[in-house]
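Trainee: I would like to go through some of the labels used for this model and see what stands behind each one. Could we set each value against its cut-off?

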Amino acid sequence: MVSVALLAQQIVNGLLFGGQLALIAVGLTLIWGVARVLNFGHGAMFMVGGFVGFFTLGATGSLVAAVIAAGIVVFALGYVTEVVLIRPLRDREEFGIPSMVVTLGLAFFLENAFIVWIGTQRQSFPRFTDVIWNVAGITLSAQRVLIFVISLVALGLLFVVISRTELGLAIRAVSQDHDTALLMGVRPNRVYAITFGISAALAGLAGVLLAPLFAVYPSVGWYPFLLSFVVVMVGGLGSVRGTLLAAMGLAVVRSISIIWVSSQMAMVILFAIMIVVLVAYPDGIGGYLE
Amino acid sequence: MNLIELDGVDAGYGENQVLHDLSATIAEDRVNCVIGPNGSGKSTMMKSILGMVDVWDGTITIRGEDVTNDHPREVLERGVVMLPQGGSVFPDMTVKENLRMGGYLIDDDLLDRQYEEVYDMFPVLEEKRAQRAGDLSGGQQMMVAFGRAMMPDPDILLLDEPSAGLAPHLVDDVFEQIAALKERGRDMLIIEQNVRRVLEIAEYVYVLDQGRLEYEGDTESLRNEDDIMEMYIGERHG
Ligand SMILES: Nc1ncnc2c1ncn2[C@@H]1O[C@H](COP(=O)(O)OP(=O)(O)O)[C@@H](O)[C@H]1O
Ligand SMILES: [Mg+2]
């Protein structure tokens with residue numbers, strides 16, 4: 001039985017989750033758009049963000065400190081990853097596959113390092129707030145709304161940086177034409193490293209924001225990675241607009257499928273959508289949104 | 001004083017050597033051109049000055065300072081700016097953002113003055129400053145590229161085939177623009193396939209063939225070199 005109230009509830013839940021998914025997926029699309037790296041280590045950045053948040057919270061008792069620490073540490077991790085692992089590959093004739101394999105290797109390395117160090121058990125993360133609102137028959141958890149708002153603010157900041165600052169100008173220059181950017185005096189290597197850092201920091205931020213829902217454990221990053229992978233494939237790698245739209249749309253599809261089909265089937269449905277979209281529009285829907 | 005000096009430069013891509021023991025002195029206060037057959041290494045010579053291609057051997061100096069294999073940034077800061085072949089505007093940026101990129105290394109308080117300079121030169125760019133550069137016509141994109149190169153107020157402007165691929169009336173515009181820049185005392189190094197027209201403007205000529213310097217001298221002396229004229233310019237004296 002499809003009840004209108006339940007449908008409305010799931011659409012709202014889906015949109016709220018879509019904001020978080022967008023936060024993860026935009027980082028994935030950004031690093032592709034600028035540096036042409038399909039980062040299979042993106043989920044590991046999410047996981048590290050969760051752990052940094054978990055430990056910072058334990059040490060300081062402050063959620064704000066946990067969120068900030070996760071952003072900073074994971075930014076640094078992303079920056080170093082680009083300099084140490086990706087940059088040496090850039091002079092090679094073949095870059096796409098090796099860079100993908102290296103990031104996949106990094107993902108397994110980090111996952112297993114955390115297993116050895118901490119173990120596989122789930123560390124639970126306290127909820128930010130237990131307040132529940134009831135609006136026109138729809139239940140809204142204040143925590144999810146808060147996470148959604150923080151995600152939107154982070155995405156808004158990213159947008160401002162890219163469209164309004166000198167750093168953003170350099171990022172766009174490098175993504176459009178590496179050699180000409182170099183001719184203008186830009187240092188593309190620095191731009192790649194900073195972009196990788198920003199992209200990772202967004203995943204790290206998502207990792208700590210979603211920790212109360214997902215808990216924190218070494219393989220926690222794979223599920224959000226797979227979801228954001230589907231999102232960027234549907235949205236079009238490199239297209240921020242397509243990614244945002246796909247994140248919202250697919251998150252709604254997911255939350256509706258979870259209720260009326262099953263949560264395992266939700267993933268099947270999402271991948272089926274991805275395959276159908278890719279067969280019809282090999283570059284995703286992003287190019288059609290201009 | 002000599003502005004740019006190449007001394008025994010070998011350069012190339014990967015295993016493929018393009019420039020062979022190339023030495024050339026580019027003096028101040030004149031307009032220079034580089035001519036030679038397709039693939040003779042003209043663009044590579046320019047890119048080696050800018051630090052855009054590996055120099056294997058030899059040195060490149062600007063006003064006596066060694067810049068061999070330096071980052072293009074170091075070269076730009078010494079007042080040497082290159083306009084690449086085809087213009088290469090940033091298509092997804094606005095016209096004004098493209099100009100901003102040209103002024104990427106200059107102080108913020110100089111920016112406004114430079115925008116004015118460029119808009120004076122190309123009024124249409126001011127009109128279209130908020131438009132996406134990729135949506136402009138080929139001729140207007142070339143203006144954006146020219147304006148972008150003028151933003152840092154270069155001591156010498158390196159132009160790589162500025163008239164290539166343009167419709168005939170736009171070619172006229174480009175040469176008028178170059179003549180106007182010369183009028184205002186701008187030093188230039190110009191690569192051109194349109195030899196007849198560039199020789200009307202340039203005061204000094206370098207002839208490159210297979211990565212080697214075959215001739216250098218002022219334009220007037222070149223006209224008395226029958227062999228060079230016939231081989232590279234397709235004209236016979238008298
Ligand atoms: N990016 C590049 N990679 C490899 N080879 C190149 C590259 N650019 C130019 N070449 C080669 O270098 C030689 C000289 O090219 P170029 O300097 O562009 O000549 P010109 O500007 O005189 O036409 C040509 O044989 C060309 O194929
Ligand atoms: Mg050329």
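Trainee: Why does B:Asp153 count as partly exposed?

Mentor: Its relative accessibility is 36%. Buried means under 20% relative accessible area and exposed means over 50%, with partly exposed in between (1.4 Å probe, protein chains only). The value for B:Asp153 lies in between, so the residue is called partly exposed. Before going on, note that this is a predicted model, in which local features need pLDDT of at least 70 and side-chain atom pairs count only at pLDDT 80 or more, while totals for chains, interfaces and linings use all residues. Residues are numbered from 1 along each chain as its sequence is written, chains are lettered from A and ligands numbered from 1 in the order in which they are written, and side-chain values use heavy atoms, leaving out hydrogens and water.

Trainee: What makes B:Arg186 and B:Asp153 a salt bridge?

Mentor: A salt bridge is a side-chain nitrogen of Lys or Arg within 4 Å of a carboxyl oxygen of Asp or Glu. The closest N and O atoms of B:Arg186 and B:Asp153 are 2.9 Å apart, so the pair meets the rule. B:Arg186 lies in the loop between helix 7 (168-183) and strand 8 of chain B, and B:Asp153 in the loop between helix 6 and strand 7 (156-160), so the pair ties together parts that are 33 residues apart in sequence. Helices (H or I, at least four residues) and strands (E, at least two) are DSSP runs, numbered from the N terminus. B:Arg186 counts as buried, at 16% relative accessibility.

Trainee: Why is B:Asp187 called buried?

Mentor: Its relative accessible area is 6%, so B:Asp187 falls on the buried side of the cut-off. The residue is in strand 8 (residues 187-191) of chain B. Leaving aside neighbours within four places in sequence, its contacts (heavy atoms within 4.5 Å) include B:Leu3, B:Asp29 and B:Ile156. The side chain of B:Asp187 also reaches the backbone nitrogen of B:Asp29 at 2.8 Å.

Trainee: How do you know that the length of helix 6 of chain B agrees with what is expected?

Mentor: The expected span is 1.5 Å times one less than the number of residues. For the 13 residues of helix 6 (residues 138-150) that gives 18 Å, and the end C-alpha atoms are 19 Å apart, which agrees. The 23 residues of helix 4 (residues 96-118) of chain A should span 33 Å, and its end C-alpha atoms are 33 Å apart. Just after helix 4 of chain A, A:Gly119 takes a positive phi of about 100°.

Trainee: Why is helix 6 of chain B described as largely enclosed by the rest of the structure?

Mentor: Of its 13 residues, 10 are buried, so the description follows. Among them are B:Met142, B:Phe146 and B:Arg148.

Trainee: What covers the buried residues of helix 4 of chain A?

Mentor: The cover includes helix 2 (42-60), helix 3 (63-86) and helix 10 (222-235) of chain A. A:Leu106, A:Leu110 and A:Phe114 are among the buried residues.

Trainee: How far apart are the N and O atoms in the salt bridge of B:Arg100 and B:Asp108?

Mentor: They are 3.9 Å apart, which is within the limit, so the pair counts. B:Arg100 is buried, with a relative accessible area of 14%, whereas B:Asp108 is exposed at 54%.

Trainee: Why is B:Asp92 with B:Arg132 said to tie together parts of chain B?

Mentor: B:Asp92 lies in the loop between strand 6 (80-83) and helix 3, and B:Arg132 in the loop between helix 5 (123-127) and helix 6, so parts 40 residues apart in sequence are joined. Their side chains meet at 2.6 Å, N to O. B:Asp92 is partly exposed, at 47% relative accessibility, and B:Arg132 is partly exposed at 35%.

Trainee: How many salt bridges are there between chain B and chain A?

Mentor: There are 2. In one of these, A:Arg172 pairs with B:Glu97, with the closest N and O atoms 3.1 Å apart. The structure holds 14 salt bridges over all chains.

Trainee: How much area do the two chains bury between them?

Mentor: About 1,800 Å², 65% of it on carbon and sulfur atoms. Buried area is the accessible area (1.4 Å probe) that two parts lose on being put together, summed over both. In chain B, B:Met52, B:Phe90 and B:Tyr104 lose the most area to chain A, together 30% of what that side buries. The contact takes 20 residues from chain B and 18 residues from chain A.

Notes
A polar contact is a pair of N or O atoms within 3.5 Å; within protein, one must be able to donate a hydrogen and the other to accept it, and residues adjacent in sequence count only if both atoms are side-chain atoms.
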